[in-house]
Amino acid sequence: MTSHLRKVELHCHLEGAAPPSLTQSQAQKYNVDTSGFMRDGIYLWNDFAEFLVAYDKVSEVYRTEEDYALLTEAYLDELAGIGTIYSELIVSPDHGDRIGLGADAYMSGVSAGIRAAKAKSGIEARLIVTGERHFGPERVINAAEYAAKSDNPLITGFNMAGEERMGRVADYARAFDIAREAGLGITIHAGEICGAFSVADAIDLVKPSRIGHGVRAVEDADLVKRLADLGTVLEVCPGSNIALGVFPDFASHPLRALRDAGVRVTLNSDDPPFFHTSLKREYDLASTAFGFSDDEINAMTRTAIEAAFVDEETRRALLAKI
Ligand code: ADE
Ligand code: ZN
């Protein structure tokens, strides 16, 4: 097992990490009936589209700045408890707007949660603002503009999540131009629900240093070579991929094949309780299901730090801990 290894996570959606017990108590507080999206402490969904709906339902029981501080602190405490030294959280100020809380209050709650967790355990965290593809290009551009204009030093990256089958990457490229010009790190969900073409679109049109998932690049050997040559880092989430049926089982999952082809890979949990996983389980799976040694797992953790959206001084300090 990997409990003795230091851990890093680059790809976890904040609301997707909401512990079911916390969601239940939040729902009680706001008198929300949870029977449509959770039962016996398990979030309910059957496919990717239903997962996105359940994700929004869960998100709706986090309503105030304090709720977001609590959620953020709870997840970072959990990560620190398993030896995690650095976390990038994917957050959606646009969601804060949609629920009437407001983007600034949402971000200020999340930031307070980061400071509280850091004060207790020393865990470092940064924020990746995301646009959600299924709400359309305009909202994704708004999210990029928000991130670009923000003076919150914890915001260091920009991402696009959501329904990958909606539109093409080209429709959203402007958002990434805005984020890149503002000096933010760039990553994008691609090659999860859609195939290799989506990864090719992402690298051609967005030029990200990292890709969320990207695992379906394995369907195109030339593309795998391109990723290796470019040094693009994949934020791989094996447990999520199996839960969503992207691959039928861990034996068919391309984590090792991609790594062996020279692609830079990292380990991540995506939306842990939705997918019956955790960062601890992803690290354990790297050992038990994929057969990686401690040295090989540490190499992935080092790759994650090298690709992290942080200042160089923090990067050096983190690398020194592995
Ligand atoms: N939003 C939250 N989790 C996601 C995932 N796995 N893919 C795309 N969008 C998401
Ligand atoms: Zn994701």
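A residue is called buried when its relative accessible area is under 20%. The views below show a predicted model.

**View 1. Leu79, a buried residue of helix α3.**
Leu79 belongs to helix α3, which covers residues 65–81, and because its relative accessible area is 1%, Leu79 is buried. When residues up to four places away in sequence are not counted, Leu79 touches Glu9, Thr84, Ser87, Ile123 and Leu279. The view also relates Leu79 to Lys7, for although these two residues are 72 residues apart in sequence, their C-alpha atoms are 8.4 Å apart in space.

**View 2. Asp67, another residue of helix α3, and its partner Tyr30.**
Asp67 has its place in helix α3, and because its relative accessibility is 2%, Asp67 counts as buried. The side chain of Asp67 makes a polar contact with the side chain of Tyr30, at a distance of 2.6 Å. Leaving aside neighbours within four places in sequence, the residues in contact with Asp67 are Gln26, Lys29, Tyr30, Val61 and Tyr62.

**View 3. The open sheet and its parallel strands.**
Strands of a sheet pair through backbone hydrogen bonds, and the pairing may be either parallel or antiparallel. In this model, 8 strands form an open sheet with parallel pairing, and their order is β1-β4-β5-β6-β7-β8-β9-β10. The edges are taken by β1 (7–13) and β10, each of which has a single partner strand, so one side of each is left without a neighbour in the sheet. From one strand to the next, the twist averages 25 degrees. Helix α13, made of residues 294–307, packs on the sheet and touches β1, β4 (84–91), β8 (210–213), β9 (233–236) and β10, while its direction makes about 100 degrees with that of β10.

**View 4. Two pairs of strands within the sheet.**
Strand β5, residues 124–132, runs parallel to strand β6, residues 155–161, and 6 bridges join the two. In this pair, Glu132 stands opposite Ala161 in β6. Strands β8 and β9 also pair in the parallel sense, over 3 bridges, and here Ile211 stands opposite Leu234 in β9. Both faces of β9 are covered, since Val233 and Glu235 on one side are buried, as are Leu234 and Val236 on the other.

**View 5. Helix α12 and the elements packed against its buried residues.**
The buried residues in α12 are listed as Leu279, Glu282, Tyr283, Asp284, Leu285 and Ala286. Against the buried residues of α12 pack β1, α3, β4, α10 (238–243), β10 and α13. Leu279 can also be found in the first view, where it is among the residues touched by Leu79.

**View 6. The surroundings of ligand 1.**
Which residues lie around ligand 1? They are His13, Phe48, Phe51, Tyr55, Ala161, Gly162, His189, Glu192, His213, Asp270 and Asp271. Polar atoms of the protein can be followed to nitrogen atoms of the ligand: a polar side-chain atom of Glu192 lies 2.7 Å from a nitrogen atom of ligand 1, and a polar side-chain atom of Asp271 likewise lies 2.7 Å from a nitrogen atom of ligand 1. For Gly162 it is a polar backbone atom that takes part, and this atom is 2.8 Å from a nitrogen atom of ligand 1.

**View 7. Asp271, a residue with a UniProt annotation.**
An unreviewed UniProt entry places the feature "binding site" at Asp271, and in this model Asp271 is one of the residues around ligand 1. Asp271 lies in the loop between β10 (264–267) and α12 (279–288). Is Asp271 buried or exposed? Because its relative accessibility is 2%, Asp271 counts as buried. Not counting residues up to four places away in sequence, Asp271 touches His13, Gly16, Phe51 and Tyr55.

**View 8. Two residues with a positive phi.**
Asp40 has its place in the loop between β2 (38–39) and β3 (42–43), and its phi is near 50 degrees, a positive value in a residue other than glycine. Because its relative accessibility is 74%, Asp40 counts as exposed. His276, which is not a glycine, has a positive phi of about 55 degrees, and His276 is placed in the loop between β10 and α12.

Definitions and conventions: Residues are numbered from 1 along each chain as its sequence is written. Chains are lettered from A and ligands numbered from 1 in the order in which they are written. This is a predicted model: local features need pLDDT of at least 70, side-chain atom pairs count only at pLDDT 80 or more; totals for chains, interfaces and linings use all residues. Side-chain values use heavy atoms; hydrogens and water are left out. UniProt positions are given in the numbering used here, feature names are shortened, and annotations may be inferred rather than shown by experiment. Helices (H or I, at least four residues) and strands (E, at least two) are DSSP runs, numbered from the N terminus. Buried means under 20% relative accessible area, exposed over 50%, partly exposed in between (1.4 Å probe, protein chains only). Contact means heavy atoms within 4.5 Å. Two strands pair if DSSP finds at least two bridges between them. Axes are lines fitted to C-alpha atoms, for helices over the stretch in contact, and angles run from 0 to 180 degrees between N-to-C directions. A residue is near a molecule or strand if one of its heavy atoms lies within 4 Å of it. A polar contact is a pair of N or O atoms within 3.5 Å; within protein, one must be able to donate a hydrogen and the other to accept it, and residues adjacent in sequence count only if both atoms are side-chain atoms.
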